[in-house]
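Me: I'm new to this structure and would like a close look at a single part of it. Could you take the second largest pocket and walk me through what surrounds it?

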Amino acid sequence: MNEALQGLLDLLDLEQIEQDIFRGQSRSAVVPRVFGGQVAAQALVAAGRTVPDDRHPHSLHAYFLRTGDPGAPIVYTVDRMNDGRSFTARRVVAVQHGQPIFALSTSFQKDEEGFDHQTSMPHAPDPETLPTSEERLSGYGHLPSQVVEKFLEARAAVDLRYVDEPPYGRFGEPRAPHSQVWFRANGKLADDPLLHVVLATYVSDMTLLDSVLLAHGRGGWAVGDVVGASLDHAMWFHRPFRADEWLLYDQESPSAYGGRGLGQARIYTQDGRLAVTVIQEGVVRIPRTG
């Protein structure tokens with residue numbers, strides 16, 4: 001396991017300070033605020049610490065309420081909404097400086113037999129044939145060196161490979177609002193189902209709004225032609241998967257309007273099983289001038 005992945009796992013390993021109250025540390029993201037995927041993942045860890053081991057997350061619904069301060073710890077309070085025979089529901093509020101910055105509702109379920117069908121996995125090239133983040137970013141002379149460094153630092157724990165050029169790699173002309181990336185943790189993870197779901201939750205906030213930018217030929221924050229932030233985030237976990245094995249993140253944007261853009265996606269295992277569905281809305285605005 002590389003040092004960056006171990007650092008991420010340490011970041012997600014919360015300290016319990018009272019019953020149903022946990023504290024997590026923060027760190028800067030590629031923008032000067034706490035990365036939304038970090039808060040969502042930590043909140044899911046907090047909820048999972050209050051749930052029996054035989055119940056696994058099947059859905060989460062979250063709102064980003066305020067910008068997180070990377071210089072301060074985050075306190076997570078868990079409300080035990082329901083403990084049923086098959087399902088367990090939790091609500092988590094993340095607090096900094098006395099104010100809520102994030103709210104999560106999530107549900108866990110015992111393993112059950114049932115109907116089984118899914119949409120087919122779309123075509124995508126073998127991830128091993130695609131350039132790594134470092135290889136791709138090394139060819140972008142138009143990006144400031146500090147931007148490249150932030151990207152590489154943020155993705156050092158995860159091997160993330162774009163199928164096509166990302167928004168900040170080729171912009172200026174609209175493209176189809178569709179993006180694909182392969183990702184996996186940069187090292188072997190423990191056999192803990194919650195950990196793999198948490199890692200996928202963390203990564204899911206990295207690229208989901210890319211397809212909104214592609215539709216309008218925008219490069220995003222990296223080139224300064226868009227101002228944006230996540231507003232809400234929802235995930236449904238359909239089938240077991242490992243986040244240290246290749247996962248295809250197939251993303252698209254059906255709509256953008258009123259300063260908001262919607263991204264929706266499916267995550268597939270490399271052998272074609274539909275593992276996760278993701279939907280997110282975010283602020284996507286043209287920067288104001290003058």
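Reply: Here is a walk around that pocket, followed by a few other spots worth a look.

Keep in mind that this is a predicted model. The second largest pocket has a volume of about 840 Å³. Its lining is made up of 25 residues, and the ones that lie nearest the centre are Asp 111, Phe 237, His 238, Arg 239 and Pro 240. Sorted by class, that lining comes out as nine nonpolar, seven polar and nine charged residues. If you want to trace the walls by element, look for β3 (55-64), β6 (99-110), α5 (193-207) and β9 (227-237), each of which supplies at least two residues of the lining.

Let's zoom in on Arg 239, one of the residues nearest the pocket centre. Find Arg 239 in the loop between β9 and β10. Is Arg 239 buried or exposed? Arg 239 has 17% relative accessibility, so it counts as buried, the cut-off being under 20%. What does the side chain of Arg 239 make a polar contact with? Its partner is the side chain of Asp 116, at 2.7 Å. A polar atom of the Arg 239 side chain also lies 3.1 Å from the backbone oxygen of Leu 274. Setting aside neighbours within four places in sequence, the residues in contact with Arg 239 are Asp 116, His 117, Gln 118, Arg 273, Leu 274 and Ala 275.

The loop between β9 and β10 holds another arginine, Arg 242. The side chain of Arg 242 makes a polar contact with the side chain of Asp 244, at 3.0 Å. Not counting residues up to four places away in sequence, Arg 242 touches Lys 188, Leu 189, Ala 190, Asp 191, His 196 and Leu 247.

Now for α5, one of the elements that supply the pocket lining. Of the 15 residues of α5, 14 are buried, so this helix is largely enclosed by the rest of the structure. At the start of α5, a side-chain oxygen of Asp 192 comes to within 3.1 Å of the backbone nitrogen of Leu 194.

Helix α5 also brings us to the aromatic rings. The structure holds seven aromatic pairs. One of them is formed by Phe 35 and Tyr 202, an edge-to-face pair with 5.1 Å from centre to centre and 80° between the planes. Phe 35 sits in the loop between β2 (21-24) and α2 (36-48) and Tyr 202 in helix α5, so to speak two distant parts of the chain linked across 167 residues. Both Phe 35 and Tyr 202 are buried.

Phe 183 and Tyr 249 make another pair: their ring centres are 6.2 Å apart and their planes are at 75°, so the pair is edge-to-face. This one also links distant parts of the chain, with Phe 183 in strand β8 (residues 178-185) and Tyr 249 in strand β10 (residues 247-257), 66 residues apart. Phe 183 and Tyr 249 are both buried. Elsewhere, ring pairs link Tyr 140, Phe 151, Tyr 162, Tyr 168 and Trp 221 into a cluster.

Two rings of that cluster, Tyr 162 and Tyr 168, turn up again around the largest cavity. How many cavities of 30 Å³ or more does the structure hold? There is one, and the largest cavity has a volume of about 40 Å³. Along with those two tyrosines, its lining has Pro 131, Thr 132, Ser 133, Arg 136, Arg 155, Leu 160 and Arg 161. The elements giving two or more residues to this lining are α3 (133-137) and β7 (158-162), and β7 gives the most, with three. By class, the cavity lining divides into four nonpolar, two polar and three charged residues.

Last, a couple of backbone oddities. Most residues other than glycine have a negative phi. Asp 20, though, has a positive phi, near 65°. You'll find Asp 20 in the loop between β1 (15-18) and β2, and it is buried, with a relative accessible area of 12%. His 97 has a positive phi too, near 50°. The place of His 97 is the loop between β5 (87-96) and β6, and at 61% relative accessibility it counts as exposed.

Note on methods. Residues numbered from 1 in each chain as written. Predicted model: local features only at pLDDT ≥ 70, side-chain atom pairs only at ≥ 80, totals over all residues. Heavy atoms only, no water. 1 Å grid on protein atoms, 1.4 Å probe; cavity = no way out; pocket = protein on both sides within 12 Å on 5 of 7 lines; lining within 4 Å. Points joined across faces, edges and corners; volume = space filled by probe spheres on them. Helix = DSSP H or I, 4+ residues; strand = E, 2+ residues; numbered from the N terminus. Nonpolar A, V, L, I, M, F, W, Y, C, P; charged D, E, K, R; others polar. Phe/Tyr/Trp six-rings, centres within 6.5 Å; stacked < 30°, edge-to-face > 60°. Buried < 20%, exposed > 50% of the residue type's maximum accessible area, 1.4 Å probe, protein only. Polar contact = N/O pair within 3.5 Å; in protein donor to acceptor, adjacent residues only side chain to side chain. Contact = heavy atoms within 4.5 Å.
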